[in-house]
Amino acid sequence: MKKYDLTDDDVAVIIGSGPGGATLALRLVQQGLKVVLLEAGPWITNDKFINDERESYKQLTWTDTRLATGSWSLAKDFPGSPAWNGKAVGGTATFWTGLTPRFKWHEFKTHTYYGDLPDGTIADWPLDLDELDHYYTAAEKAVGASHRHGRPPLPASNGYKVLANGAERIGYRHYATGPYATNVEPYDGRPGTVQDGFAMAGDKSRAKWSPLVSEIPKALATGLLELRTEAQAVQITLGPDGRADGVVYTDTVGNLQRQRARLVAVAGNAIETPRLLLLSATSGHTDGLANSSGQVGRNYMRHTTGLVYAEFPNEVHMYRGEPMAGIISDESRHDPSRGFVGGYYIEMIAQGLPSFSTFMSPGEWGPQFTEKVEAYTRTAALWICGEDVPQASNRVTLSNTVTDRLGLPAPVVHYDDHPNDIAMRNHGYEQGEKLFKSVGAIRTTRAPGMPSGHNLGTARMSQKPDEGVVNSFGQAHDVPNLFVSDGSQFTTGAAANPTLTIVALSMRQGDYIGRQLSAAAL
């Protein structure tokens with residue numbers, strides 16, 4: 001692997017090796033640029049993944065101290081773990097499930113379609129679906145999305161059969177096992193899935209797409225990427241000209257190092273990205289880097305979510321097969337007659353017993369809870385994934401009292417459901433129960449959202465500098481050679497699972513950076 005000197009100021013430094021950061025790294029090295037990729041976690045190869053939910057969680061998850069406040073259920077149920085993020089090469093995609101729907105046209109122009117909502121900060125994106133269409137296609141091909149570009153669909157699992165039969169009976173028409181970024185047959189050097197049900201534990205087989213098995217090895221093969229692991233960024237530094245000129249990080253033994261840089265891109269997820277920008281406050285940026293608008297950390301979104309579990313008289317074995325290979329799109333439309341703006345997807349979800357018993361009825365105990373656990377093999381489940389309303393008060397800030405293992409202020413994630421979110425979730429609960437009962441469920445259980453895997457919006461795109469943090473290419477309004485390359489840049493969240501859009505935006509961003517550098521405009 002290529003090694004760059006800490007004083008080399010001709011490298012692009014990218015922070016975070018998840019879908020956004022790794023995709024950008026590949027795009028840049030393909031254009032001949034030198035890249036240093038910093039990853040806070042270790043490099044764990046697929047053969048080292050653990051097919052055990054509890055141990056896998058410890059191996060792959062960002063477990064540093066975090067705090068949850070607000071009226072959302074996580075502040076009560078999991079106050080120290082408001083989010084589920086990866087801390088390993090490949091980021092959260094090491095244990096993502098794989099659904100890859102695109103945004104719809106109206107979801108890029110939410111203010112135009114939804115109007116103003118009380119206490120909401122809904123805004124149109126400074127780009128539209130037409131501008132991203134080419135990159136969506138490229139992203140789908142990069143991840144090998146099923147149902148797209150001639151790729152075959154995944155086979156139906158038992159959990160999917162329950163979902164699809166219920167969908168048909170209650171009148172839904174748009175349901176399938178994908179699009180899904182796990183190979184049905186060999187593709188792009190990866191094998192077809194063996195349907196072992198462990199995609200959320202890293203996927204030993206390599207059938208599931210993640211940067212670990214795709215973008216990172218491809219970028220390393222160019223000889224232009226250096227990947228530094230167990231290297232947690234703690235500050236972005238500025239030069240006298242106000243441009244980003246380096247990144248301070250802790251190395252594998254805890255010592256501080258500083259890598260010089262020609263440009264910096266932050267892709268640490270929508271909690272760690274604003275945290276790093278806030279930690280990088282300096283003269284002229286006393287409220288945090290790229291924060292002249294006061295928007296860094298604000299407008300936190302995590303999707304309107306909830307689960308419905310259904311017990312059946314016969315065996316289902318939902319844990320067999322790909323864990324989320326089932327999606328119903330009928331409710332993802334914008335139809336205010338339902339009592340809310342925006343829409344949601346109904347998605348199959350399969351859990352191992354540890355996850356099932358933890359999230360099905362948080363805090364419940366006693367005979368009824370025991371009965372539900374005993375019915376595990378006879379249970380099917382679905383997950384609601386809907387567009388939540390951004391609010392300025394939903395935000396990531398720095399704690400004044402709690403620090404992490406490095407002694408830095410821990411992030412505080414504050415979230416209150418908007419009335420639109422509650423109406424959408426209740427509609428999803430009702431439809432989910434209706435669906436399961438139509439195919440013979442004998443008991444259903446509503447469950448709140450799990451620790452957030454979809455963290456969005458805390459460094460939002462905007463046309464005007466005073467309304468957001470970055471422009472339509474993820475370029476900071478305040479610092480021209482500073483970029484945000486993850487879900488933090490989302491202006492609104494849409495209903496779609498975000499990974500495909502993050503990959504598409506990073507591809508587009510990489511091309512923009514290349515053009516700007518070629519024109520000496522960056």
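This briefing covers the sheets, hairpins and selected helices of the structure above. The model is predicted. One open sheet has five strands with parallel pairing, and another has three strands with mixed pairing. A UniProt record, from an unreviewed entry, places the feature "domain: Glucose-methanol-choline oxidoreductase N-terminal" at residues 129–304.

**The annotated span**

- Residues 129–304, the span that UniProt assigns to this domain feature, are 26% helix and 17% strand.
- The C-alpha atoms at the two ends of residues 129–304 lie 22 Å apart.

**Five-stranded sheet**

- The strand order in this open sheet is 5-2-1-9-17, and the pairing is parallel.
- Strand 5 (225–228) and strand 17 (482–484) form the edges, each pairing on one side only.
- Neighbouring strands of this sheet are turned by 15 degrees against each other on average, with direction ignored.
- Strand 1 (residues 12–15) is joined to strand 9 (residues 263–266) by four bridges in the parallel sense, and Ala-12 stands opposite Leu-263 in strand 9.
- Helix 1 (residues 19–29) lies across strand 1, strand 2 (35–38), strand 5 and strand 9. Helix 1 runs at about 160 degrees to strand 1.

**Three-stranded sheet**

- The strand order in this open sheet is 3-15-14, with mixed pairing.
- Its edge strands are strand 3 (67–69) and strand 14, each of which pairs on one side only.
- On average, neighbouring strands of this sheet are turned by 35 degrees against each other, direction ignored.
- Helix 9 (residues 269–279) packs on the sheet and touches strand 14 and strand 15. The direction of helix 9 makes about 70 degrees with that of strand 14.
- Strand 3 pairs with strand 15 in the parallel sense over three bridges; Ala-68 has Val-413 of strand 15 as its bridge partner.
- Strand 14 (residues 395–403) and strand 15 (residues 409–414) run antiparallel and are joined by five bridges. Among the paired residues are Thr-403 and Pro-409.
- Strand 14 and strand 15 make a hairpin with five residues between them, and Gly-407 in the turn has a positive phi of about 85 degrees.

**Arg-395**

- Arg-395 is located in strand 14.
- Arg-395 has a relative accessible area of 27%, so it counts as partly exposed, between the 20% limit for buried and the 50% limit for exposed.
- Leaving aside residues up to four places away in sequence, Arg-395 touches Gly-297, Arg-298, Tyr-300, Val-412, Val-413 and His-414.
- Arg-395 and Leu-154 are separated by 241 residues in sequence, and their C-alpha atoms are 38 Å apart.

**Strands 6, 7 and 8**

- Strand 7 (residues 244–250) is mostly covered, with seven of its seven residues buried.
- Strand 6 (residues 232–238) pairs with strand 7 in the antiparallel sense over six bridges; one of the partner pairs is Ile-236 with Val-247.
- In the hairpin of strand 6 and strand 7, five residues separate the strands, and Gly-242 takes a positive phi near 80 degrees.
- Strand 7 also pairs with strand 8 (residues 256–260), antiparallel and over five bridges. Val-248 has Arg-258 of strand 8 as its bridge partner.
- The hairpin of strand 7 and strand 8 has five residues between the strands, with Gly-254 in the turn at a positive phi of about 90 degrees.

**Helix 7 and helix 12**

- The 12 residues of helix 7 (residues 158–169) should span 16 Å at 1.5 Å a residue, and the 17 Å between its end C-alpha atoms agrees with this.
- Buried residues in helix 7 are Gly-159, Tyr-160, Val-162, Leu-163, Ala-164, Gly-166 and Ala-167.
- The elements covering them include strand 4 (175–176), strand 11 (327–328), strand 12 (344–348), strand 13 (379–386) and helix 12 (419–438).
- Helix 7 and helix 12 pack at an angle of about 100 degrees, with axes 8 Å apart. This makes helix 7 roughly perpendicular to helix 12.
- At this contact, Val-162, Leu-163, Gly-166, Ala-167 and Arg-169 in helix 7 meet Leu-435, Phe-436 and Ser-438 in helix 12.
- Gly-171, which follows helix 7, has a positive phi near 100 degrees.

**Helix 13**

- Helix 13 (residues 499–518) has 20 residues and reaches 29 Å from first C-alpha to last, close to the 28 Å expected at 1.5 Å a residue.
- Helix 13 is largely enclosed by the rest of the structure, because 18 of its 20 residues are buried.
- Ala-520, just after helix 13, takes a positive phi of about 55 degrees.

Terms used:
Residues are numbered from 1 along each chain as its sequence is written. This is a predicted model: local features need pLDDT of at least 70, side-chain atom pairs count only at pLDDT 80 or more; totals for chains, interfaces and linings use all residues. Side-chain values use heavy atoms; hydrogens and water are left out. Two strands pair if DSSP finds at least two bridges between them. UniProt positions are given in the numbering used here, feature names are shortened, and annotations may be inferred rather than shown by experiment. The expected span of a helix is 1.5 Å times one less than its number of residues. Buried means under 20% relative accessible area, exposed over 50%, partly exposed in between (1.4 Å probe, protein chains only). Contact means heavy atoms within 4.5 Å. Axes are lines fitted to C-alpha atoms, for helices over the stretch in contact, and angles run from 0 to 180 degrees between N-to-C directions. Angles under 35 degrees count as roughly parallel, over 145 as roughly antiparallel, 65 to 115 as roughly perpendicular and the rest as oblique.
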